[in-house]
Amino acid sequence: MTNLIIPIVENPASYISGITKIALNSDAKIFVGVTENLVSELNLNMPNVDVTVYEKGSNKEEILNAMKNFLPSGKVVICRRPISFEEYSQLKNSNAQITYCESQKSNRILKYLKDFWQFITKTIFGVKTFQGDTSLIAFDDDLAEVLSEAENFSFATRVDRWKGCTHEVIDGKGAPARKVQNKKYNAMLMLAIFLPLVIGAVITTCLALFVKVSIVGGLLIACLDIICLGIAFFCILMLIFSLTVGQKNYKTAKEVMIENKREDENEKG
């Protein structure tokens, strides 16, 4: 059994065609999470499509965290953008443990830079980034079972912390989904980059102009400058990582009960 997890927070009409075709032409179980302001635009009354409604303003990653509880046994496909039947077929038929879309071809220099960045992220953050577009990403049965126990489900599906797993890329038809960013968090990182640089420059300049600095004092100033540069460099890496994969931690979206669903459940009761 292949299970699709699809969070929808904008343009629901773009998802309907692919979901409908997959639902009618396969045995896939499709779990759709949608914000309450968009649910009226979805018409997915099919037995193998389960729609859950979440609070208005919830983003995709928050909805994914909430939908972790729906993971049944079998391969799971995370869809951060609309998926076509052709893409679904490729993901379903892949024998690799992790499958995602191919990214744009890189020249040799860009490839070296990406390899270096992989080394940096693995060394500093303890994870790697997937070498492709994870807007659509599939995990086989065994990995899906591990994912269902992940504390940070959203982050676990965006970074590669899997060891010894086989990967495969498919030819994606759609444009990559935009990374969900926390603008306030990124702004704080930018401030944390410039503030140490400014403090180091101001202190060094003032001491050099108004104070007779000894050799020991010069060494202390140099140490201060190195510390400020180190803090700024680390914050730069954190900002690049955040822009690449999105914010690490997101809250869990809150499920809401809509009137039609209440009436259906009352009738069943």
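This is a short talk on the core, the salt bridges, the surface charge and a few single positions of one protein model. The model is a predicted one.

I will start with the inside. The largest nonpolar core has 28 residues. Which of them touch the most other members? Those are Leu-4, Ile-6, Ile-19, Ile-30, Val-32, Val-49 and Ile-83. As for where the core comes from, the strands that each supply at least two residues are β1 (2–8), β2 (29–35), β3 (49–54), β4 (75–79) and β7 (133–139). Two helices, α1 (13–25) and α3 (85–93), also supply at least two residues each. Helix α1 gives the most, with 4 residues.

Next, the salt bridges. How many does the structure hold? There are 6, and I will go through three of them.

Take Asp-27 and Lys-92. Their side chains meet in a salt bridge, with 3.8 Å from N to O. Asp-27 sits in the loop between α1 and β2, while Lys-92 is in helix α3, and the two are 65 residues apart, so this pair links distant parts of the chain. Is this pair buried or partly exposed? Asp-27 counts as partly exposed because its relative accessibility is 46%. Lys-92 is partly exposed as well, at a relative accessible area of 34%.

The other two bridges share Glu-61. On one side, Glu-61 forms a salt bridge with Arg-80, and the closest N and O atoms are 2.9 Å apart. Glu-61 belongs to helix α2 (residues 60–67), whereas Arg-80 is in the loop between β4 and α3. The separation is 19 residues, and the pair links distant parts of the chain. On the other side, Glu-61 meets the side chain of Arg-158 in a salt bridge of 3.5 Å, N to O. Arg-158 is in the loop between α6 (153–156) and β8 (159–160) and Glu-61 in helix α2, so this bridge ties together parts that are 97 residues apart in sequence. With the partner they share, Glu-61, Arg-80 and Arg-158 are joined by salt bridges into one network.

Is that network buried or exposed? Glu-61 counts as buried because its relative accessible area is 4%, and the cut-off for buried is under 20%. Arg-80 has 6% relative accessibility and therefore counts as buried too. Arg-158 is also buried.

While we are in helix α2, there is Ile-63, which lies in that helix. Ile-63 counts as buried because its relative accessibility is 0%. Its C-alpha atom is 9.8 Å from that of Ile-5, and the two residues are 58 apart along the chain.

Now the surface charge. There is a patch of negative charge where Asp-141, Asp-142, Glu-145 and Glu-149 gather. Asp-141 is part of helix α5 (residues 141–147). With 44% relative accessibility, Asp-141 counts as partly exposed.

There is also a positive surface patch. Which residues form it? They are Lys-122, Lys-128, Arg-161, Lys-163 and Lys-248. Lys-248 is located in the loop between α8 (215–245) and α9 (259–268). Its relative accessible area is 44%, so Lys-248 is partly exposed.

Last, some positions in loops. Glu-151 is in the loop between α5 and α6. Glu-151 is exposed, given a relative accessible area of 81%. From Glu-151 to Lys-68 the C-alpha distance is 9.6 Å, for a sequence separation of 83 residues.

Pro-82 is in the loop between β4 and α3, where we have already met Arg-80. Arg-80 counts as buried, but Pro-82, at 27% relative accessibility, counts as partly exposed. Between Pro-82 and Gln-181 there are 20 Å from C-alpha to C-alpha, with the two 99 residues apart along the chain.

Finally, a backbone angle to check. Asn-11 has a phi near 45°, which is a positive value in a residue other than glycine. Asn-11 is found in the loop between β1 and α1, and both of those elements supply residues to the core I began with.

Note on methods
Residues are numbered from 1 along each chain as its sequence is written. This is a predicted model: local features need pLDDT of at least 70, side-chain atom pairs count only at pLDDT 80 or more; totals for chains, interfaces and linings use all residues. Side-chain values use heavy atoms; hydrogens and water are left out. Patches are made of residues with over 30% relative accessible area and no salt bridge: like charges are joined within 9 Å, nonpolar side chains (Val, Leu, Ile, Met, Phe, Trp, Tyr) within 5 Å. Accessible areas come from the Shrake-Rupley method with a 1.4 Å probe; for residues, only the protein chains shown count as cover. A salt bridge is a side-chain nitrogen of Lys or Arg within 4 Å of a carboxyl oxygen of Asp or Glu. Lys and Arg count as positive and Asp and Glu as negative; His and the chain ends are not counted. The place of a charge is taken as NZ of Lys, CZ of Arg, CG of Asp or CD of Glu. Buried means under 20% relative accessible area, exposed over 50%, partly exposed in between (1.4 Å probe, protein chains only). A nonpolar core is a set of buried Ala, Val, Leu, Ile, Met, Phe, Trp, Tyr and Cys residues joined through side-chain atoms within 4.5 Å.
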